[in-house]
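Colleague: I've got the model open and I'd like to hear the reasoning behind a few labels. Can we go through them one at a time?

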Amino acid sequence: MSEITREQVQHLAGLARIALTDDEVTSLTTELGAIVDAIAKVSEAVGPDVPATSHPVPLANVTRADVEGGTLTHEQAFAGAPSHDGERFRVSAILGEEQ
Amino acid sequence: MTDLTRIDGAELAGLLASGEVSSVEATQAHLDRIAAVDGEIHAFLHVNAGALDEARRIDERRAAGEQLHELAGAPVAIKDVLCTIGMPSTSGSRILEGWVPPYDATPVARLKAAGLVALGKTNMDEFAMGSSTEHSAYGPTRNPWDRERIPGGSGGGSAAAVAAFEAPFALGSDTGGSIRQPAAVTGSVGVKPTYGGVSRYGAIALASSLDQVGPVSRTVLDSALIHDVIGGHDPHDSTSLQREWPSFAAAAREGAAAGSLQGLKVGVIRELDSEGIAPDVHARFQEAVRLIEGAGGEVVEVSVPSIEYAVAAYYLILPAEASSNLARFDSVRFGLRVERPGQTVEDVMAASREAGFGAEVKRRIILGTYALSAGYYDAYYGSAQQVRTLIQRDFDAAFAQVDLLVSPAAPTTAFRFGEKVGDPLAMYANDITTIPANLAGIPGMALPMGLGDDGLPVGLQLLAPLFEDARLYRAGATIEALLAEQWGGILAHQAPQLTEVAR
């Protein structure tokens, strides 16, 4: 059995930047434990001699000519932004008071 | 007058090309059908208000004597995972509600360039995570064969749209079966191309090493026609393949005309022909295998033993890649922002993602974050990538013996709403038939092979080696033609009539 704890789920949620509710932490702790148990069997399938595959069709050094391509205008780029000043995306304070 | 929504896409395109039917008429007929039945089906999240204008422009160009693409003027439905200028693209998520992208996905741009008319955007599980559309933030799509049942997922909207005669053609995306499983449970045809065969540019990424865009339709030829338009190299996608592809429509036409599978070696995948396959699906599959033999195909049993580990590997690789891809939804450049005065940008991100993502998306992001954590990476993600190698080797060995592999496309017919949504592992296990092709990158097709004991469609899956998508279309069209001969037409026409509401 995997030992997924509430604290672990809370830590992962912090890393993933999701402000989970207490109820969500409770249900995810149970679900994640069951899922991890089910998928942990991958480690028994392979030995150290099997290479890893990251992409089904390996391609190397995919580059394009070093010329300017099509880009978005400011207007297009900001069209879906929650907040902007016409030149920059606007966000809340980067640092909290204690920092 | 012919009901323009009931005929195949190829036939409709023929009427358009000859001028017997205008694009405005064809588009209007489908918009009317959507208005009449989509209240019940909910295949569409958005209907294109500009569709008739686009259709009119095609008619004008044709009237002016311009030489247009053979599909010009035909309507098409677009899965909401694909970016479209002028239409919201939400990927089924609240976090992108109302977002209108500033660019078209390459497959969409290619359809537009060929003169196809977008009818709208189709429903899907949020960020393509699911097998039932129950994880859509905008409510589920209903299966046109039985509205108490799921239409499959994630691309249930596209499959239901073609099955309910709301569109002749649709686009889907297939990360672990999201084109093929919905096609199977709605009596439609769907194709996952070879990885890299169709550009992923503008497809909102789920798992980048698995995602592939492909066609959905009622016939094999119609899928081939769309595949010919959307496929081919795209410099905007670094995994897009640079190679010359044959005409898939030509392959489908050859296959249908041949009426025989003489000389084709077909392998039945042992691991997908037993445990976990419902008895009625198994029975239809045995009949399909006999039909293949009867048509001259040489059938042998082959083994892909690593399939045993495919679901586990997939549910490590997918969440790992998804947790990285979905990091872009940070409330800064697009999408939902939830903020209170005094919060830092980090608090705002966490609050926005909490409010914007649904339960399944959170589950997979947390799982992916776990799988990629220091201390677990080698045991989980690393091992899963090694399993991927084993599966590729198994398929290589199988394709050394046979030209084509076959299996059921889904283990059961469409299940009921609510049946699996509370049990993630049961939902994941449902993907066993389709996941191996995504892990290996090989092309796959689902096409109807009959009805289950409950009167609902059962799908046959064909798998071919990398780059051999044409084999799917050739053999698929032959099998489809032989079955249509038995049934007196394609399976889609056996679906119960939907009640059309007066508008």
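Colleague: What makes you say that both faces of β11(B) are covered?

Modeller: This is a predicted model, and the neighbour counts in it settle the matter strand face by strand face. On one side, Pro457(B), Gly459(B), Gln461(B) and Leu463(B) are buried, and on the other Val458(B), Leu460(B) and Leu462(B) are too. A residue counts as buried if 20 or more other C-beta atoms lie within 10 Å of its own. Seven of the seven residues of β11(B), 457-463, are buried, so the strand is largely enclosed by the rest of the structure.

Colleague: Which strands does β11(B) pair with, and how do you know?

Modeller: Two strands pair if there are at least two bridges between them. Strand β9(B), residues 404-408, has four bridges to β11(B), and β10(B), residues 444-451, has seven. Those counts meet the cut-off, so both count as pairings. β9(B) runs antiparallel to β11(B), and β10(B) is antiparallel to β11(B) as well. Look at Leu460(B): Pro408(B) stands opposite it, and so does Leu447(B).

Colleague: What is there to see in the hairpin of β10(B) and β11(B)?

Modeller: Five residues lie between the strands, and Gly455(B) takes a positive phi near 75°.

Colleague: Why is Phe165(B) called buried?

Modeller: Phe165(B) has 24 C-beta neighbours inside 10 Å, and the label needs 20 or more, so it qualifies. Its phi is positive, near 60°, in a residue other than glycine. You'll find Phe165(B) in the loop between α5 and β4 (169-173) of chain B.

Colleague: Is the helix before that loop, α5(B), mostly covered or mostly open?

Modeller: Mostly covered: eight of the eight residues of α5(B), 156-163, are buried. Among them are Gly156(B), Ser158(B) and Val162(B). In the loop between β3 (117-122) and α5 of chain B sits Ser154(B), and the peptide bond from Gly153(B) to Ser154(B) is cis, with omega near 5°.

Colleague: And why does Ser331(B) count as buried?

Modeller: There are 27 other C-beta atoms within 10 Å of Ser331(B), against a threshold of 20, so the label holds. Ser331(B) also has a positive phi, near 70°, though it isn't a glycine. Its loop lies between α10 (310-325) and α11 (345-356) of chain B.

Colleague: What makes the crossover from β7(B) to β8(B) right-handed?

Modeller: The test is the path: with the strands pointing away from you, going from the first strand over the helix to the second has to run clockwise. Here the chain leaves β7(B), passes through α9(B), residues 279-294, and reaches β8(B), and the crossover is right-handed. β7(B) (265-269) and β8(B) (298-302) pair in the parallel sense over five bridges, with Val266(B) partnered by Val299(B).

Colleague: How many residues does each chain bring to the contact?

Modeller: Chain A brings 47 and chain B 58. On the chain A side, α2(A) gives the most, with eight residues. That side divides into 34 nonpolar, eight polar and five charged residues.

Colleague: How confident is the predictor in each chain, and what are the model's scores?

Modeller: Chain B averages a pLDDT of 97, with 100% of its residues at 70 or above. Chain A averages 91, with 95% scoring at least 70. Within chain A, confidence is lowest in α3(A), at a mean of 89, and highest in α1(A), at 97. The model has an ipTM of 0.94 and a pTM of 0.97.

Definitions and conventions. Residues are numbered from 1 along each chain as its sequence is written. Chains are lettered from A and ligands numbered from 1 in the order in which they are written. This is a predicted model: local features need pLDDT of at least 70, side-chain atom pairs count only at pLDDT 80 or more; totals for chains, interfaces and linings use all residues. Two residues are in contact if their C-beta atoms, placed from the backbone, lie within 7 Å. Helices (H or I, at least four residues) and strands (E, at least two) are DSSP runs, numbered from the N terminus. Ala, Val, Leu, Ile, Met, Phe, Trp, Tyr, Cys and Pro count as nonpolar, Asp, Glu, Lys and Arg as charged, and the others, Gly among them, as polar. pLDDT is the predictor's confidence in each residue, from 0 to 100. A residue is buried if 20 or more other C-beta atoms lie within 10 Å of its own, exposed if 12 or fewer, and partly exposed in between; C-beta atoms are placed from the backbone.
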